[in-house]
Amino acid sequence: MIGLVVNPVAGVGGPAGLAGSDGADVQHLALARGARSRVQERAALALTELAARHPGLVVATADGAMGADAVRAAGLVPRVVWTPGRATAGADTTAAADTTAAVGALAAAGADLILVVGGDGTLRDACAGLDAAASFDPMQDDTPDAGRSAGEGSDIWRVVLQVESGAGEAGAAGAAAAGAAAAGAAAAGAVAAGAVVPAVLGVPAGVKMYSPVFAVSPRAAGAIAADWIDRDGLPTDDREVLDIDEAAMRQARVDPTLYGMLRVPYRAGRTQARKAATPVTEAAAVEAAARGAVARMLPGVRYLLGPGGTTAEIARQLGVEGSPLGVDVVLDGAVRVRGASEQELLAQIAQGPAQAVITVIGGQGFLLGRGNQQLSAAVLRAIGPDPLLVVAPEQKLIDLHGRPLLVDTGDPDLDARLAGHVRIITGVGTRSLYAVTAPELTPA
């Protein structure tokens, strides 16, 4: 049985320039800045792919915006096994405990593959849900219907899952405390109890998606789920769930923490790799690539410096203070906007020539769509026909072993336009021509 959990506010902080969506305050601020979550659209892409191969499929899920709405929209049949204790459908905010409880209920209801739509924080909460599922066995009704089942009530989850949530996508010290050891113990406990430990696959829809538990795109996630049904399962890997404390990140302390392990279905080219850090020994190569980029910068052009170590080095060489993981607008050696939102970037572009300066996420190969959602399709289209200045040390390209770079703006037409090949500044006077594709353009 396929399960689905959607975090309704996943990714809302990205276009707002907030580097994440954790916490009700951050979510409200993002909405006040005119940002919106595209999580339902991303869920729809995955489910539409699944529905094309398995029409009429019954999908176990949570009520309302946490899953049932998306299942119905795709023409599939939701079997609601958990209903939030508050009105989540259409809500502006959600709590970590919602995801935790929903995943736990799906596991207890017998889902063998759970699609979780969100970012690293959402998957972090999914780990806590599997931990809880190892301890509880709610009564359930295996009879599906057109949207609400007798198993929906699962009131036991409202009572026994007293997970303290620090409101938000990742939240909760209580939920997050399910670290690698706890998650492993939970899995072992479930197996010992005769229960099936479900596989989990992330559908990328958040801001932070560095964990290797996500499909490379929503469509790829739907294809993997369809293959799972066709083949009665797929090979799985135990993979890490990593997350960054956003409050610390906004203070320039970027230290990913391991929160658990998930059993993830693996398909080459369809499941993303873990983000690789730049080794200290490559510092000189990063410095050289940054110098190459600085040398190509022109007066009168607004450069939108995206997140990453290489772009941080560019900022250092320009003598400006950039935001840790934000997008900064630099014009003629001065910061015009620090940590800009999508709307602020559009306003700057309207004032004159601009170009987005981005780098390659090591190990994954993403250029767009992972941690730099401020550089949206609208922003890139507004820049014009040559929107990107790509900078990366040569070793990052070598480490991809021929795999193409990836763009995932959420706009298929723009992704197709950006696909092909891109020139990458790799040093002072050196450039590489490298292949670029969009996951949605790659046959699943």
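What covers the buried residues of α12? In this predicted model, the cover includes α11 (283–296), β8 (302–305), β11 (354–358), β13 (388–391) and α15 (394–398). The residues that lie buried within helix α12, which spans residues 309–318, are T310, T311, E313, I314 and A315. Just after this helix, G319 adopts a positive phi of about 80°.

Elsewhere in the model, five strands form an open sheet in the order β3-β2-β1-β4-β5, and their pairing is parallel. The edges of the sheet are occupied by β3 (77–82) and β5, each of which pairs on one side only. On average, and with direction ignored, neighbouring strands of this sheet are turned by 30° against each other. Strand β2, formed by residues 58–62, is joined to β3 in the parallel sense over five bridges, and T61 has V80 in β3 as its bridge partner.

Two helices are placed against strands of this region. Helix α2, comprising residues 39–53, packs on the sheet, where it touches β1 (2–6), β4 (113–118) and β5, and its direction makes about 165° with that of β1. Helix α9 lies across β1, β4 and β5, and runs at about 155° to β5.

The nonpolar interior was examined next. The largest nonpolar core contains 63 residues, of which L76 and L123 touch the most other members. Helix α4, covering residues 96–109, gives the most to this core, with seven residues. When residues up to four places away in sequence are not counted, L76 touches L47, L50, A51, H54, P55, G56, L57, V59 and V71. A second core, separate from the one described above, has 32 residues, among them V329, L368, L397 and V436.

A further position of interest is V216, which lies in the loop between β5 (199–204) and α9 (218–230). V216 has a relative accessible area of 5% and is therefore buried, given that the cut-off for this class is under 20%. Although V216 and R270 are 54 residues apart in sequence, their C-alpha atoms are 5.4 Å apart in space. R270 is also one of the residues that V216 touches, the others being P204, G269, T271, Q272, F366, R370, L406, D408 and P439, with residues up to four places away in sequence not counted.

Note on methods:
Residues are numbered from 1 along each chain as its sequence is written. This is a predicted model: local features need pLDDT of at least 70, side-chain atom pairs count only at pLDDT 80 or more; totals for chains, interfaces and linings use all residues. Side-chain values use heavy atoms; hydrogens and water are left out. Buried means under 20% relative accessible area, exposed over 50%, partly exposed in between (1.4 Å probe, protein chains only). Helices (H or I, at least four residues) and strands (E, at least two) are DSSP runs, numbered from the N terminus. Contact means heavy atoms within 4.5 Å. A nonpolar core is a set of buried Ala, Val, Leu, Ile, Met, Phe, Trp, Tyr and Cys residues joined through side-chain atoms within 4.5 Å. Two strands pair if DSSP finds at least two bridges between them. Axes are lines fitted to C-alpha atoms, for helices over the stretch in contact, and angles run from 0 to 180 degrees between N-to-C directions.
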